[in-house]
Amino acid sequence: MKNSLIQRLTNEYFKLNKKAKRDPRTTPEFVVRARLSRIEKIIQKRYGNIYFMTMTNLGNIVIDKEGKENDMFQLQREWISKAKLGRRTKH
């Protein structure tokens, strides 16, 4: 079964994030950091900052533009369910 784009990007992010824990000292370490940075930008532009923050677990509560407080785990479940169904929100 082929994974969706959001799942492949998320998996690649977690794989590279493990390798890129310290400052790069060699060329291969620098390449890993560059790939990680590129994937972060793609995820943030394509799926938004809220998904990126839930993926990296930055904090427990997110306040959106309207001032509504959202629970991170609730947002993460919503995004995962939308990703599994293959739907994207309309922008």
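Biologist: Which residues of H1 meet H2 in this predicted model?

Modeller: From H1 you get Leu5, Ile6, Leu9, Thr10, Glu12, Tyr13, Leu16, Asn17 and Lys19. Their partners in H2 are Val32, Arg35, Leu36, Ile39, Glu40, Ile42, Ile43, Arg46 and Tyr47.

Biologist: What makes a pair count as a contact?

Modeller: Heavy atoms of the two have to lie within 4.5 Å.

Biologist: And how is a helix pair like that described?

Modeller: You quote the angle between the axes and the distance between them. For H1 and H2, the axes come within 9 Å and cross at roughly 145 degrees. The crossing is left-handed.

Biologist: How do you know that the length of H2 fits a helix?

Modeller: Just do the check. H2 covers residues 27-47, which is 21 residues, and at 1.5 Å a residue it should span 30 Å. The C-alpha atoms at its ends are 30 Å apart, so the two values agree.

Biologist: Which residues of H2 are buried?

Modeller: Val32, Leu36, Ile39, Ile43 and Tyr47.

Biologist: Why say that they line one face?

Modeller: Look down the axis of H2: the buried residues fall within an arc of 70 degrees, so they line one face of the helix. On the face turned away from that buried side sit the exposed residues Thr27, Phe30, Arg38 and Lys45.

Biologist: Why is Val32 called buried?

Modeller: The cut-off for buried is under 20% relative accessible area. Val32 has 17%, so it counts as buried. Leaving out neighbours within four places in sequence, Val32 is in contact with Leu16, Lys19 and Ala20. As for Asn17, which is 15 residues from Val32 along the chain, the C-alpha atoms of the two are separated by 8.6 Å.

Biologist: Then there's Glu12 in H1. Buried or exposed?

Modeller: Glu12 sits at 17% relative accessibility, which is under the 20% cut-off, so buried is the right word. With residues up to four places away in sequence set aside, Glu12 touches Arg35 and Ile39.

Biologist: How do you know where Thr10 belongs, buried or exposed?

Modeller: Use that cut-off again: Thr10, also a residue of helix H1, has 7% relative accessibility and therefore counts as buried. Not counting residues up to four places away in sequence, Thr10 touches Ile43, Tyr51 and Met55. Ile43 is one of the buried residues of H2, while Tyr51 and Met55 are among those buried in H3.

Biologist: Which residues of H3 are buried, then?

Modeller: H3 runs over residues 49-56, and the buried ones are Tyr51, Phe52, Thr54 and Met55. Viewed down the axis of H3, they fall within an arc of 165 degrees, so these too are said to line one face of the helix.

Biologist: What happens just after H2 and H3?

Modeller: Gly48, just after H2, takes a positive phi of about 95 degrees. Asn57 follows H3, and its phi is positive as well, near 55 degrees.

Biologist: What is the order of the elements from the N terminus on?

Modeller: They run α-α-α-β-β-α, with four helices and two strands in the protein.

Biologist: And how much of the protein is buried?

Modeller: Buried residues make up 24% of the 91 residues. The accessible surface comes to about 7,200 Å², with 53% of it belonging to carbon and sulfur atoms. Among contacts with a separation of 6 or more, residues 24 or more positions apart account for 37%.

Key. Residues are numbered from 1 along each chain as its sequence is written. This is a predicted model: local features need pLDDT of at least 70, side-chain atom pairs count only at pLDDT 80 or more; totals for chains, interfaces and linings use all residues. Side-chain values use heavy atoms; hydrogens and water are left out. The expected span of a helix is 1.5 Å times one less than its number of residues. Buried means under 20% relative accessible area, exposed over 50%, partly exposed in between (1.4 Å probe, protein chains only). The arc is that of the directions from the helix axis to the C-beta atoms. Accessible areas come from the Shrake-Rupley method with a 1.4 Å probe; for residues, only the protein chains shown count as cover. Axes are lines fitted to C-alpha atoms, for helices over the stretch in contact, and angles run from 0 to 180 degrees between N-to-C directions. A crossing is left-handed if the near helix is turned anticlockwise from the far one by less than a right angle, and right-handed if clockwise.
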